[in-house]
Amino acid sequence: MRKLLPFGLVGYLLPSPLPSLAGTVHVSFVHPETYTDASLSGGYGSGAEQWTLDEIGRHLEGLGARYLGPRQVLTVEVLNVDLAGKIEWWRRPAYDLRILRDIYPPRFTLQYRLAEGGRTLIEGQETVVDANYLANPAIYFSPSDPLRFDKAMLEDWFRARFAPARSTASPRAGFLVN
């Protein structure tokens, strides 16, 4: 067993001769200090906002692995974040609690460029809004994720914008792009 371990380890560390089976997403956050709302709580500490942005970035990168073609590279610049819900500061006992109402939908402004082999396939800038975010049945599968509404909206947008035509998935009703 010991003699096989080094060979297995070497084989694991060597690059695979097969091409990548998933696309790549590069996410950057442009001037996050100007975002409408990137903190999950009422506090404006950079730690809470940084966690939120890191989580959104990881989510978009994961969507690339699921929906992009093998040689596709998507560059996304996040220009503004307005998370689902709002902190209603006038509520004394719940001054740091995010209140979810229809009038506080998630809203992201994104600039993107999808390329394959150095050739631009799609590019643009959009403000993505999910006006019916509270009616999304997917949110009930991850009630412990504080960004579940935002992630569901981003996945719907990503799938609608970048998934190959062979995909049978369709965005939910109520998903808006400006």
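Which residues form one aromatic cluster? The members are Y67, Y112, W157, F158 and F162. Keep in mind as you read that this is a predicted model, with an average pLDDT of 80 for the protein. Here is a friendly tour, starting with how far to trust the coordinates and then moving through strands, core, rings and charged pairs.

**Confidence in the model**

- A pLDDT of at least 70 is reached by 70% of the residues.
- Residues 1-19 stay under 50 in pLDDT, and the model gives this stretch zero contacts beyond four places in sequence.
- The pLDDT is also below 50 over residues 166-170, a stretch with two contacts beyond its near neighbours in sequence.
- Where pLDDT is low, the predicted coordinates should not be read in detail.

**Strand pairing**

- Strand 5 (residues 107-116) is paired with strand 2 (residues 72-82) through 10 bridges, and the two run antiparallel.
- If you want a landmark for that pairing, look at Q72, which stands opposite E116 in strand 5.
- Strand 5 is also joined to strand 6 (residues 119-130), again by 10 bridges and in an antiparallel arrangement.
- A handy marker here is T109, whose bridge partner in strand 6 is T127.
- Strands 5 and 6 make a hairpin with two residues between them. In the turn, G117 has a positive phi of about 60°.

**Nonpolar cores**

- The largest nonpolar core contains 27 residues. Within it, L60, L74, V81 and F158 have the most contacts.
- Strand 1, helix 2, strand 2, strand 5 and helix 3 each give two or more residues to this core.
- What does F158 touch, leaving out residues up to four places away in sequence? Its contacts are V25, L60, L63, G64, Y67, L68, L74 and A163.
- L60 and L74 therefore appear both among the contacts of F158 and among the core residues with the most contacts.
- There is a second, separate core of five residues, and A84, Y133, I139 and F149 are among them.

**Aromatic pairs**

- The whole structure holds seven aromatic pairs.
- One of them joins Y112 and F162 edge-to-face, at 5.4 Å centre to centre and with 85° between the planes.
- Because Y112 sits in strand 5 and F162 in helix 3, this pair ties together parts that are 50 residues apart in sequence.
- Y112 and F162 are both buried.
- W157 and F158 have ring centres 6.3 Å apart and planes at 80°, so this pair is edge-to-face too.
- W157 is buried, as is F158.

**Salt bridges**

- Side chains of opposite charge can pair when their charged atoms come close.
- The count of salt bridges in this model is eight.
- E126 pairs with R161, and their closest N and O atoms are 2.9 Å apart.
- Since E126 belongs to strand 6 and R161 to helix 3 (residues 148-162), the pair links parts that are 35 residues apart in sequence.
- Are E126 and R161 buried or exposed? E126 is buried, at 8% relative accessibility, whereas R161 is partly exposed, with a relative accessible area of 28%.
- K151 bridges to D145, with the closest N and O atoms 3.0 Å apart, and both residues are buried.
- E55, R58, D145 and K151 are joined into one network by salt bridges that share partners.

**Around D37, D82 and K86**

- D37 is found in the loop between strand 1 (24-29) and helix 2 (46-67).
- With a relative accessible area of 11%, D37 counts as buried, because the cut-off is under 20%.
- Not counting residues up to four places away in sequence, D37 touches V81, D82, L83, G85, K86 and R98.
- Two of these contacts, D82 and K86, form a salt bridge with each other, and their closest N and O atoms are 2.5 Å apart.
- D82 is buried at a relative accessible area of 10%, while K86 is partly exposed at 23%.
- V81, another contact of D37, is one of the residues with the most contacts inside the largest nonpolar core.

Methods
Residues are numbered from 1 along each chain as its sequence is written. Side-chain values use heavy atoms; hydrogens and water are left out. Helices (H or I, at least four residues) and strands (E, at least two) are DSSP runs, numbered from the N terminus. Buried means under 20% relative accessible area, exposed over 50%, partly exposed in between (1.4 Å probe, protein chains only). Contact means heavy atoms within 4.5 Å. Two strands pair if DSSP finds at least two bridges between them. pLDDT is the predictor's confidence in each residue, from 0 to 100. A salt bridge is a side-chain nitrogen of Lys or Arg within 4 Å of a carboxyl oxygen of Asp or Glu. Rings of Phe, Tyr and Trp (its six-membered ring) pair if their centres lie within 6.5 Å; planes under 30 degrees apart count as stacked, over 60 as edge-to-face and the rest as tilted. A nonpolar core is a set of buried Ala, Val, Leu, Ile, Met, Phe, Trp, Tyr and Cys residues joined through side-chain atoms within 4.5 Å.
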